[in-house]
Amino acid sequence: MVDVHQEGVDLPITLHMPAAKKELNSDAMKRISDWISSQDIPSDIIVSVGSVSFPIHRFALVSKCGYIKKLLSDTKNADISIIKIPEIPGGPEGFELAAKFCYESHLKLSTENIAVARCVAEYLEMTEEYAAGNLVKITEAYLNETGLKSLSAAASVLQSSGNLLPISEKVNLIDRCVDTIACMVTEESQVSVVDWWAEDLIGLRIDIFKRVLLALVSRGFKQFALGPILMLYAQKCLRGLEIHGKSKKNLDPKQEHEKRIVLETIVGLLPREKNAISISFLSMLLRAAKYLNTTVVCRLDLEKKMGLQLGQAVLDDILIPTYCFDGDTLFDVDTVQQIMTNYFEYYSKDSGDNENVGILMEDFLAKIASDRNLLVSKFISFAECIPMEVRVTEDGMYRAIDIYLKAHPGITDMDRKKVCSMMDCQKLSREARAHASQNERLPVQTVVQVLYYEQQRLRELDSSPISNHVTTQPTLDTQKSVSDEISSLRKENQELKFELLKMKTRLQEIEKSTANKPKVNSPKVPTAGKPPLPKKSIISSVTKKLGKITPFLHADGFLPSSTRGRNKPDKDRRHSVA
């Protein structure tokens, strides 16, 4: 027995055959034996390919296979009865095609087996030098007449060729298929929609798939038109990843590595043009990139692309899980903050999408505010990245702040003030001011600011020349409604002044109660030559106590009726601290 290896050529072959094709191996020896028996001449040599042995007539192989003829012509191997060929392209299936051709000089070729037949013919040197009409010539004729004449046929041949490297490269099979596909797609795309060819290519290996797309671009195909096929390919190859879940499931290391390579290659092929890919697809890729732990360059590229299209996003597009439970937040705050930063670095302050982006970021901030692992510093850092220019009102920011204070009752008063400083009370709507004025989760200073700006707004409305507007109205009903509104505003202004007076009175009462308490420690004697230090402000000394006057709130954030000191106001009247 001898091991036969082609000298000077390294041909490692890994063949991934479907289950139906694997049945061929178990029956291959029986079919060859049947052929031998039909010749009424006993076989005189056995060819071993992998785990399958083929009893063959020596003269049949030598007559057409230059590789076998050279081997057996060597005097050292003249008497051998077993030949092992472990690296033949296609394995036992490939050798069976060659052996059948040696006996029958005819093969039923198809786009599924032509690549294997061509590579086996090259490996066994089945050329015209050893027999006329040999397998190399026949397979080449089939390729030129059928295999490379249609897109689906070329794609099928190319898919098979990917499993026959490097010999498929040696016979220039892959390059010819790639050029054929690129030429056909480019020509057809000039007059029709190109979606028809996508299904034929998504079954290719990622490296071959990349070569096809690069060939398309080199022939003038518009890069932005590659979006649909990239989406189809990614959905097929990344299927099975739980990227929308809150936890990460363990994958087989080999499978995880293959998917990581696919994802990084797809990201590198994404069109550079804006809007060539939907932001929801970019979001899916970014989730997968974090799930598979791709390179930093890959993730940064996706974050930049999402930033350019942030104006088209909805909240679900930026809810990217951290896939981590070591004390981190549920959603990746840093990634979304970087996406937002990319947007405002690229677009000017007067972009038409700025308002939508501002609302989206406030919605995201409100979404993560209930996360108990969200630190005060991270909340403030994210809020500071939302420019004031894009926030038409502060209602969204107030909502996020209120949710955060409710979910984090244990933060210090200083942190509470820092969180509330992210909000401009002057830009709150009337409804938001009504809620904030009775919100005991807010610091007293913030509540006072809310009441002040509300009173200022009412004063400006009261002093505005509305009467001139009234006289220009054509009907008495309109004049009456405007007059009623003026009366209502004046009445509300008086009530607001009354609320401020009550708060001032309450502050004075607390001041008196504090002054009347007996002092435990003896007063310090001022140092000679130095004036005594000024006393602390009464306002600052009672700030903490004011927050505890009425600590009980309903779930909606309003004071219960028993603590307001007056009847519940009408539905159209504002709520205020009582």
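Where is the place of Arg391? In this predicted model, Arg391 is placed in the loop between helix 18 (376–384) and helix 19 (395–407). The legends below begin with the whole chain and then turn to separate close-up views, Arg391 among them.

**Figure 1. Overview of the predicted chain.**
The chain contains 26 helices and four strands. Of its 578 residues, 46% are buried. Among contacts with a separation of 6 or more, 73% are between residues 24 or more positions apart. The exposed area of the chain is about 30800 Å², of which carbon and sulfur atoms supply 53%.

**Figure 2. The surroundings of Arg391 in the loop between helix 18 and helix 19.**
Arg391 has a relative accessible area of 4% and is therefore buried. When neighbours within four places in sequence are left aside, Arg391 is in contact with Glu362, Ala383, Ile386, Met397, Met422, Met423 and Lys427. Asp424 is 33 residues from Arg391 in sequence, and the C-alpha atoms of the two are 9.9 Å apart in space.

**Figure 3. The largest nonpolar core and the contacts of Met361.**
The largest nonpolar core comprises 148 residues. Phe95, Leu124, Leu270, Leu310 and Met361 are the residues with the most contacts inside this core. Helix 14 (residues 279–292) contributes the largest share of the core, namely 10 residues. Apart from neighbours within four places in sequence, Met361 is in contact with Leu310, Ile318, Val336, Met340, Phe382 and Ile386.

**Figure 4. Leu285 in helix 14.**
Leu285 is a residue of helix 14, and its relative accessibility of 0% means that Leu285 counts as buried. Not counting residues up to four places away in sequence, Leu285 touches Ala234, Leu238, Leu263, Leu270 and Leu302. Leu285 and Leu302 are separated by 17 residues in sequence and by 7.6 Å in space, C-alpha to C-alpha.

**Figure 5. The packing of helix 12 against helix 13.**
Two packed helices are described by the angle between their axes and the distance between the axes. The axes of helix 12 (residues 227–237) and helix 13 (residues 253–269) come within 10 Å, crossing at roughly 170°. The two helices, helix 12 and helix 13, are therefore roughly antiparallel to each other. Helix 12 makes the contact through Leu230, Tyr233, Ala234 and Cys237, and helix 13 through Lys259, Val262, Ile266 and Leu269. By class, the residues in the contact of helix 12 with helix 13 are seven nonpolar, no polar and one charged.

**Figure 6. The packing of helix 6 against helix 7.**
Helix 6 (residues 135–147) and helix 7 (residues 151–161) pack with their axes 10 Å apart and at an angle of about 140°. Helix 6 is therefore oblique to helix 7. Leu143, Thr146 and Gly147 of helix 6 make the contact with Ala153, Ala154 and Val157 of helix 7. The contact of helix 6 with helix 7 has four nonpolar residues, two polar residues and no charged residues.

**Figure 7. Cys177 in helix 9.**
Cys177 lies in helix 9 (residues 173–189) and, at 0% relative accessibility, counts as buried. Leaving out residues up to four places away in sequence, Cys177 touches Leu148, Ala154, Val157 and Leu158. Leu151 is 26 residues from Cys177 in sequence, with a C-alpha to C-alpha distance of 9.0 Å in space.

**Figure 8. The buried residues of helix 3.**
Gly66, Tyr67, Ile68, Leu71 and Leu72 are buried in helix 3 (residues 66–73). The elements against which the buried residues of helix 3 pack are strand 2 (45–49), helix 2 (58–64), strand 4 (82–84) and helix 5 (114–123).

**Figure 9. Backbone features at Pro166, Glu125 and Asn275.**
Most residues other than glycine have a negative phi, and most peptide bonds are trans. The peptide bond that joins Leu165 and Pro166 is cis, with omega about 5°. Pro166 is located in the loop between helix 7 and helix 8 (167–170). Glu125, although not a glycine, has a positive phi of about 60°. Glu125 lies in the loop between helix 5 and helix 6 and, at 19% relative accessibility, counts as buried. Asn275, a residue other than glycine, has a positive phi near 70°. Asn275 lies in the loop between helix 13 and helix 14 and is partly exposed, with a relative accessible area of 43%.

Methods
Residues are numbered from 1 along each chain as its sequence is written. This is a predicted model: local features need pLDDT of at least 70, side-chain atom pairs count only at pLDDT 80 or more; totals for chains, interfaces and linings use all residues. Side-chain values use heavy atoms; hydrogens and water are left out. Buried means under 20% relative accessible area, exposed over 50%, partly exposed in between (1.4 Å probe, protein chains only). Contact means heavy atoms within 4.5 Å. Accessible areas come from the Shrake-Rupley method with a 1.4 Å probe; for residues, only the protein chains shown count as cover. Axes are lines fitted to C-alpha atoms, for helices over the stretch in contact, and angles run from 0 to 180 degrees between N-to-C directions. Angles under 35 degrees count as roughly parallel, over 145 as roughly antiparallel, 65 to 115 as roughly perpendicular and the rest as oblique. Ala, Val, Leu, Ile, Met, Phe, Trp, Tyr, Cys and Pro count as nonpolar, Asp, Glu, Lys and Arg as charged, and the others, Gly among them, as polar. A nonpolar core is a set of buried Ala, Val, Leu, Ile, Met, Phe, Trp, Tyr and Cys residues joined through side-chain atoms within 4.5 Å.
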